[in-house]
Amino acid sequence: SDAEAEGWAECLDVAVRTALRAGQMVRMSVMQEKRVSSKSTPTDLVTETDQHVEDVIISTLREKYPSHRFIGEESSAAGEKCVLTNSPTWIIDPIDGTCNFVHSFPMVAVSIGFAVKKQLEFGVVYHCFDGTLYTGRRGHGAFCNGVPLHVSKEKDVSKALILTEIGAKRDPHTLDIFLGNMKQLLSTPVHGVRIIGSSTLALCQVASGAAEAYYQYGLHCWDIAAAALIITEAGGHVIDTTGGPLDLMSRRVIASGSQEIADYIVQQLKPINYGRDDEDP
Ligand code: 2AM
Ligand code: CA
Ligand code: CA
Ligand code: CA
């Protein structure tokens, strides 16, 4: 209903304010000594700041919206179930780019997405270091600091700049597929391939038209939710690596400005298998 849609507009305002505050906390913490530990693999890093910022975001939102549900990276790591129901659900990555954060490499973001009846309603991605704020609301467009965003219209993959991420799995088999996929694209040849260490900021570059496409295996729903809506509202495509519709929990994604470039990448990629986000490990 209209009243409901207006309610979500208010939630978006709250999301923006919460992301700005969280981003400031991340900015302040980057100067301080970090206590780093690892989760699933030695390269899957987490700091006290990740956990603290997620706690602050979720408690702020839960106080305002006690009936809503919350999915967050660090709460999921602590054993909370990661399931998307029809209830209004906030999908949160408190620090996207933890490895960058640990090294003070300035590509770190806070990501807050919001879904109702399993449909994304809005997304907010805040670049903690340069203060760039990306927002998108279903049916209302995508913006960067208030300026409308539009994806690249390039159809020719040989003129594309393509983004991806490496992920924490570094066993020889995974690396072979990863490097094989990259070799396939580099020998197309595309203009370039970039790895910036923050999947949400990479996806926002696709929304901005600064890159033609992004692909990745192994991302989680909190890496994709907010930015996926920002890209579709900027006129782009976010799909499964098999070419079907995006499944937020599948850990597979291709984002692109044009359908032609998405189709090309679908044909070239060899899959890397990860479990689903909504499955027990
Ligand atoms: P994070 O910093 O929130 O963990 C770095 O490679 C980028 O990929 C980051 O955005 C990181 O999010 C994300 N990422 C996290 N886990 C991943 C995985 N298993 N595979 C691929 N990318 C992952
Ligand atoms: Ca992480
Ligand atoms: Ca992330
Ligand atoms: Ca994170």
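Biologist: Which helix does Gly23 lie in?
Modeller: This is a predicted model, in which local features need pLDDT (the predictor's confidence in each residue, from 0 to 100) of at least 70 and side-chain atom pairs count only at pLDDT 80 or more, while totals for chains, interfaces and linings use all residues. Residues are numbered from 1 along each chain as its sequence is written, and chains are lettered from A and ligands numbered from 1 in the order in which they are written. With helices taken as DSSP runs of H or I of at least four residues, and strands as E runs of at least two, both numbered from the N terminus, the helix that holds Gly23 spans residues 2-29 and is α1.

Biologist: Is Gly23 buried or exposed?
Modeller: A residue is called buried if 20 or more other C-beta atoms, placed from the backbone, lie within 10 Å of its own, exposed if 12 or fewer do, and partly exposed in between. Gly23 has 24 other C-beta atoms within 10 Å, so this glycine is buried.

Biologist: Which residues is Gly23 in contact with, leaving aside its neighbours within four places in sequence?
Modeller: Two residues are in contact if their C-beta atoms, placed from the backbone, lie within 7 Å. One of the partners is Tyr126, which is 103 residues away along the chain although the two C-alpha atoms are separated by 6.8 Å. The contacts of Gly23 outside that window are Val110, Tyr126 and Cys128.

Biologist: How many residues of helix α6 are buried?
Modeller: The buried residues of α6 include Ser199 and Ser208, along with Leu201, Val206 and Ala207. Just after this helix, Gly209 takes a positive phi of about 85°. Helix α6 (residues 199-208) is mostly covered, the buried count being 10 of 10.

Biologist: Within what arc do the buried residues of α8 fall?
Modeller: In α8 (residues 259-268) the buried residues are Ile261, Ala262, Tyr264 and Ile265. Taking the directions from the helix axis to the C-beta atoms, they line one face of the helix because they fall within an arc of 160°. The cover over them includes β12 (213-217), β13 (237-239) and β14 (252-256), whereas Gln259 and Gln267 are exposed on the other side of α8. The arc asked for is therefore 160°.

Biologist: Which helix gives the largest share of the largest nonpolar core?
Modeller: A nonpolar core is a set of buried Ala, Val, Leu, Ile, Met, Phe, Trp, Tyr and Cys residues joined through C-beta atoms within 7 Å. The largest one has 71 residues, and among those with the most contacts inside it are Ala207, Ile230 and Ile231. The largest share, 10 residues, comes from the helix at 221-233, α7.

Biologist: Why does this core lie between two domains, and which are they?
Modeller: The domain bounds come from an automatic or database domain assignment. Residues of the core are given by both parts of that assignment, so it lies between domain 1 (2-148) and domain 2 (157-268).

Biologist: Which strand supplies the largest share of the side of domain 1 that touches domain 2?
Modeller: The C-alpha centres of the two domains lie 20 Å apart, and 37 residues of domain 1 are in contact with 26 residues of domain 2. Among the elements that each supply at least two residues of this side of domain 1 are β3 (69-72), β4 (89-96) and α4. The largest share, six residues, comes from β6.

Biologist: Where is Ser104, which has a positive phi although it is not a glycine, found?
Modeller: The phi of Ser104 is about 55°, and with 11 C-beta neighbours inside 10 Å this serine counts as exposed. Ser104 is found in the loop between α4 (98-103) and β5 (109-116).

Biologist: What omega does the cis peptide bond from Thr188 to Pro189 have?
Modeller: Pro189 has its place in the loop between α5 (172-186) and β11 (192-194). The bond that reaches this proline from Thr188 is cis, with omega near -10°.

Biologist: What is the mean pLDDT of the protein chain?
Modeller: The predictor gives the complex an ipTM of 0.97 and a pTM of 0.97. In the protein chain 99% of the residues reach a pLDDT of 70 or more, and the mean is 96.
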